[in-house]
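Biologist: I am new to this structure and would like to learn how to read it. Please take me through it one feature at a time.

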Amino acid sequence: MLTQNEILEIFKESEALLTGHFKLTSGKHSDQYVQCAQVLQYPQYTEQLCGHMAESFRDDGVDLVIGPAMGGVTLSYEMARQLGTPSLFTERVDNRMALRRNFHIPEGARVLVTEDVTTTGGSVLEVVDLVRQAGGEVVGTAVLVDRSGGSLDLGVPKQISALTLNVVAYDPQDCPMCREGQPVVKPGSRKE
Ligand SMILES: [Zn+2]
């Protein structure tokens with residue numbers, strides 16, 4: 001198992017976790033920004049972080065791992081590799097989460113659901129529903145970054161995250177960084 005400091009170090013080392021003054025896609029401002037793809041581009045970090053989360057599910061008899069595309073695919077694959085199970089992913093069809101490509105969840109299968117980052121848990125909850133409707137049993141969720149500060153309840157027996165953050169988002173008129181005159185950066189564009 002990794003310590004919280006070792007996990008934070010991996011995120012900072014890979015520039016997946018930035019601190020500063022950011023304009024989020026919602027239009028709000030924040031002093032923290034997480035981009036999981038930055039850490040997941042390094043297989044050795046993905047292996048370490050998934051190994052950390054997989055420890056919690058070793059004795060759960062997981063039959064398969066599944067995550068929503070795009071964010072959940074890499075995590076599902078590496079978690080499945082470490083747990084010795086198949087890895088599936090879901091996709092949106094007409095805005096509804098769906099299993100495509102002849103993927104199949106056997107009746108009674110014990111299923112672990114993965115995702116890279118959750119704030120309100122929308123996509124993960126949709127996958128959990130899909131698994132249950134297919135007749136699978138959700139044993140838990142493994143989410144790389146929980147941005148809800150740990151307050152999010154996904155209604156599953158076991159809910160694991162490598163990193164829990166409490167990302168505070170400000171309306172621009174209430175933003176303390178704006179008040180201090182710090183230039184705001186739109187993440188996704190190149191660093192200043
Ligand atoms: Zn601001």
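Biologist: What share of the 192 residues in the chain is buried?

Modeller: This is a predicted model, and in it buried residues make up 36% of the 192 residues. A residue counts as buried if 20 or more other C-beta atoms lie within 10 Å of its own.

Biologist: How many helices and strands are in the chain?

Modeller: The chain has six helices and nine strands. Its radius of gyration is 17 Å, close to the 16 Å that the globule rule gives for 192 residues, so the chain is as compact as a globular protein of that length. Along the principal axes, the C-alpha atoms fill a box of roughly 55 × 35 × 30 Å. Of the contacts with a separation of 6 or more, 62% are between residues 24 or more positions apart.

Biologist: How should I read a sheet?

Modeller: Strands of a sheet pair through backbone hydrogen bonds, in either a parallel or an antiparallel way. One open sheet here has three strands in the order E1-E2-E9, with antiparallel pairing.

Biologist: Why is one side of E1 and of E9 left without a neighbour in the sheet?

Modeller: Strand E1 (17-23) and strand E9 (169-170) stand at the edges and each has a single partner strand, so one side of each has no neighbour in the sheet. E1 pairs with strand E2 (residues 29-34) over five bridges, in the antiparallel sense. Within that pair, Leu 18 is opposite Tyr 33, and Thr 19 is opposite Gln 32. The hairpin of E1 and E2 has five residues between the strands, and Gly 27 takes a positive phi near 95° there.

Biologist: Which strands make up the open sheet with mixed pairing?

Modeller: That sheet has six strands, in the order E5-E4-E3-E6-E7-E8. Strand E5 (96-99) and strand E8 (159-164) are its edge strands, each pairing on one side only. On average, neighbouring strands of this sheet are turned by 25° against each other, direction ignored. A parallel pair within it is strand E3 (residues 64-68) with strand E6 (residues 110-118), joined over three bridges. Leu 64 has Val 111 in E6 as its bridge partner.

Biologist: Which strands do H3 and H4 lie across?

Modeller: H3 lies across strand E7 (137-146) and E8, and runs at about 140° to E8. H4 lies across E3, strand E4 (87-93), E6 and E7, and runs at about 135° to E6.

Biologist: At what angle do H3 and H4 pack?

Modeller: Helix H3 (residues 43-54) and helix H4 (residues 71-83) pack at about 65°, and their axes are 9 Å apart. The crossing is right-handed. On the H3 side the contact includes Thr 46, Glu 47 and Met 53, and on the H4 side it includes Leu 75, Glu 78 and Met 79. By class, this contact has six nonpolar, four polar and two charged residues.

Biologist: Take one residue, Gln 82 of helix H4. Is Gln 82 buried, exposed or partly exposed?

Modeller: Gln 82 has 17 C-beta neighbours inside 10 Å, so Gln 82 counts as partly exposed. Leaving out residues up to four places away in sequence, Gln 82 touches Cys 50, Gly 51 and Ala 54. Those three belong to the H3 side of the helix contact. Arg 58 is 24 residues from Gln 82 along the chain, and their C-alpha atoms are separated by 9.2 Å.

Notes:
Residues numbered from 1 in each chain as written. Predicted model: local features only at pLDDT ≥ 70, side-chain atom pairs only at ≥ 80, totals over all residues. Axes fitted to C-alpha atoms, helices over the stretch in contact; angles between N-to-C directions. Helix = DSSP H or I, 4+ residues; strand = E, 2+ residues; numbered from the N terminus. Left-handed = near helix turned anticlockwise from the far one by under 90°. Contact = placed C-beta atoms within 7 Å. Nonpolar A, V, L, I, M, F, W, Y, C, P; charged D, E, K, R; others polar. Pairing = 2+ DSSP bridges. Rg over C-alpha atoms; globule rule 2.2 N^0.38 Å. Buried ≥ 20, exposed ≤ 12 C-beta atoms within 10 Å, placed from the backbone.
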